[in-house]
Amino acid sequence: MIPIDDCQLLISCCNHKGGLYLVHFKQQQPEIKKILNVGCTGITKYGSSFVVISNSHGIFILDENLNVIMNKALSTELDLHGVAIDNDKAYIIETKTNSIGIYNLKNNLERIDEIRFSPENDDVCHVNDLYIANDKLYVSMFSYPPKKNHLSFANKTNLGVILEYSLQERKVVKICHDKLLQPHSVLHYDNKMFYCVSGEFLVKRNEEDIFKCLGYTRGLAVRNQTLFVGQSESRQIPVLLNKHTNILLDCGIYVHDISTKLSSFIHIPSEEIYGILVI
């Protein structure tokens, strides 16, 4: 294993065999503990607490010791994905309706507003992840402008984008990156944008390819020169093998040293990684 500084990660796993895991790196060895036994998607820090999203169980708030202190059920029809926090409001992606629901963290998680990328109440954008910086939302989605059948790998049009949305002007400002095959996990670190191009098994920093996985790539965190990258068990294997010479049928995280370009892989006892958060 490559050298890893002592640190802890929260890792959300979705769908079948989902859960929330704590991975503690101590003296180069990872210790893995399951915190929640439900499928989880978006995770983020909120003060000393954590907000965790579950499509089946809604919104969880965990204290600094990772104990559940609040849980609010939401409709499973929303297909909840990523979450970001700004000014005591949780911005939660409601993929089914091409929306970001805005929830008041100070008032019983009441839904107070929304941002919509299409008026249709059907998933035509597959909005999935978001990051907030300087009153701007950076949002990844599979198709913009909206288009049906964006979930199919057989669709080679690569309509995915990462766009910038102004919270003050309440409008899309620009497309930061386009022609992406199923982008996820957008974040900023050291004034650069990092994101996964899941269908290509890639992690990019701005326009630069900086890491390539051996399977479906989703879940991303950066700490100093260390990149933590999630890999899920890939679907549609015959289609993927038309483009990739080999696929690793395993779920876990890569720990990658950006400077030396060396990596280690740690198995996670699930099937699909969604998010990674350094805590």
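Okay, a polar contact here is a pair of N or O atoms within 3.5 Å; within protein, one must be able to donate a hydrogen and the other to accept it, and residues adjacent in sequence count only if both atoms are side-chain atoms. This is a predicted model, so local features need pLDDT of at least 70 and side-chain atom pairs count only at pLDDT 80 or more, while totals for chains, interfaces and linings use all residues. Residues are numbered from 1 along each chain as its sequence is written, and side-chain values use heavy atoms, with hydrogens and water left out.

So, D129. The side chains of D129 and Y274 share a polar contact of 3.1 Å. D129 sits in strand β12, residues 127-133 (strands are DSSP runs of E, at least two residues, numbered from the N terminus). What is the nearest side chain of opposite charge to D129? That's R218, 6.7 Å away, and D129 has no salt bridge even though D129 is buried. Cut-offs: buried is under 20% relative accessible area, exposed over 50%, partly exposed in between, with a 1.4 Å probe and protein chains only. A salt bridge needs a side-chain nitrogen of Lys or Arg within 4 Å of a carboxyl oxygen of Asp or Glu.

And R218 itself? R218 does have a salt bridge, with E272, closest N and O atoms 3.1 Å apart. That pair links distant parts of the chain, 54 residues apart: R218 is in strand β20 and E272 in the loop between β23 and β24. R218 counts as buried at 9% relative accessibility, and E272 is buried too, at 10%.

Overall, the structure holds 11 salt bridges.

Methods: Helices (H or I, at least four residues) and strands (E, at least two) are DSSP runs, numbered from the N terminus. Lys and Arg count as positive and Asp and Glu as negative; His and the chain ends are not counted.
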